[in-house]
Structure formats: C-alpha cells, structure tokens
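Subject: Structure handover

Hello,

Here is the structure I said I would pass on. My notes on it follow below.

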Amino acid sequence: MEHIAALLFVVGCSSTMTDCRELEVPVSVFETEQACTAERPFALGDLQGQAPHIVGRCLAVDPALEDDYDHIAWNVRPDGTLVASLEVSGMLVASNSGRPEKDYLKQQ
C-alpha cells in the first residue's frame, strides 16, 4: 500500500477572483511533497483555458490522519493566493452491532 504524502489541489476563478471552483487534475495524490511540487506547474498548464485564473497548492497529508480526512477547506484571497487545508470534520457515526434484530415472524 502506497503512502500519500501530498495532495495537489487546484482551483479556477473568474477574472474578478470572486467566483471560484475546484478543478480536477489527472493525478492528485503523490508519495512525496517534492513529486507534487514538480507536477504542479504541468497540471496548472494543462488546465489553462478552463478558467481565467488558475491556482494550485500541494497540501501535506498527515499519515496518521490519511484515512480520516473528509474535506478540503479553501479560500482564494483577492490577490489570488489560495489558502487550503485538509480537514477532519469530527462527525461520528454510531451503530450498535451488538443489538440483535427482532424476528417479527416469531413474536406472538
């Protein structure tokens, strides 16, 4: 199983930087931050034309939280700086697998 050390996150924005959306890249996860950084300019170049302004960042992945990340919090500042981080929402889902299901066919 490969370890993920970085995620390439790319956003495309309008010319006024007020309307932004996430853009898909062909390869978004990397085993090293250096590999992500090296791929970033090529990925941004491939996305040219999909939005007037395209910005991207390599986000570090904490190996201890790799399976727990469930969203990316991001914002593009008016100067075009992308601020982004991987987040864990903290939402817990509870279940009780020890509770037997009732068999309604046998109950009187």
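Asp 68 is a place to start: at 41% relative accessibility it counts as partly exposed. This residue sits in the loop between S4 and strand S5 (71-76). Its C-alpha lies 6.1 Å from that of Val 88, although Asp 68 and Val 88 are 20 residues apart in sequence. Please keep in mind throughout that this is a predicted model.

On the overall layout, the chain has one helix and six strands. Along the sequence they come in the order β-β-β-α-β-β-β. The chain has 108 residues, of which 28% count as buried. Its exposed surface is about 7,800 Å², with 51% of that supplied by carbon and sulfur atoms. Among contacts with a separation of 6 or more, 57% are between residues 24 or more positions apart.

Next, the disulfides. The structure holds two, and they follow the pattern 1-2, 3-4 when bonded cysteines are counted along the chain.

Cys 13 and Cys 20 form one of them, with 2.1 Å between the sulfur atoms. This link is right-handed, with 110 degrees about the S-S bond. Cys 13 is buried because its relative accessible area is 2%, under the 20% cut-off. Cys 20, with a relative accessible area of 22%, is partly exposed.

Cys 36 and Cys 58 form a disulfide too, and their sulfur atoms are 2.1 Å apart. The torsion about this S-S bond is about -95 degrees, so the disulfide is left-handed. Cys 36 lies in helix H1 and Cys 58 in strand S4, so the bond ties together parts that are 22 residues apart in sequence. Both Cys 36 and Cys 58 are buried.

The loop between strand S1 (6-13) and strand S2 (20-23) holds Ser 14, and Met 17 is found in the loop between S1 and S2 as well. Ser 14 counts as buried, at 18% relative accessibility. The Ser 14 side chain reaches the backbone nitrogen of Thr 18 at 3.4 Å. Beyond residues up to four places away in sequence, Ser 14 touches Asp 19, Pro 52 and His 53. Met 17 counts as buried at 12% relative accessibility. The phi of Met 17 is near 65 degrees, a positive value in a residue other than glycine. Most residues other than glycine have a negative phi.

That leaves the interior. In soluble globular proteins, nonpolar side chains tend to be buried together. Here the largest nonpolar core has 13 residues, and those with the most contacts inside it are Leu 8, Val 10, Leu 23, Val 25, Cys 36, Leu 47 and Ile 54. At least two residues of this core come from each of S1, helix H1 (33-46) and strand S4 (53-60). A second, separate core has 12 residues, among them Val 11, Val 55, Val 61 and Leu 86. Setting aside neighbours within four places in sequence, Leu 47 is in contact with Val 10, Leu 23, Glu 24, Val 25 and Ile 54.

Leu 7 is in strand S1 and is buried, with a relative accessible area of 15%. Leu 7 and Ala 60 are 53 residues apart in sequence, yet 6.6 Å apart from C-alpha to C-alpha. Outside its neighbours within four places in sequence, Leu 7 is in contact with residues including Ser 28, Cys 36, Cys 58, Val 61 and Leu 86.

Regards

How values were computed
Residues are numbered from 1 along each chain as its sequence is written. This is a predicted model: local features need pLDDT of at least 70, side-chain atom pairs count only at pLDDT 80 or more; totals for chains, interfaces and linings use all residues. Side-chain values use heavy atoms; hydrogens and water are left out. Helices (H or I, at least four residues) and strands (E, at least two) are DSSP runs, numbered from the N terminus. Buried means under 20% relative accessible area, exposed over 50%, partly exposed in between (1.4 Å probe, protein chains only). Contact means heavy atoms within 4.5 Å. Accessible areas come from the Shrake-Rupley method with a 1.4 Å probe; for residues, only the protein chains shown count as cover. A polar contact is a pair of N or O atoms within 3.5 Å; within protein, one must be able to donate a hydrogen and the other to accept it, and residues adjacent in sequence count only if both atoms are side-chain atoms. A nonpolar core is a set of buried Ala, Val, Leu, Ile, Met, Phe, Trp, Tyr and Cys residues joined through side-chain atoms within 4.5 Å. A disulfide is a pair of cysteine sulfur atoms within 2.5 Å.
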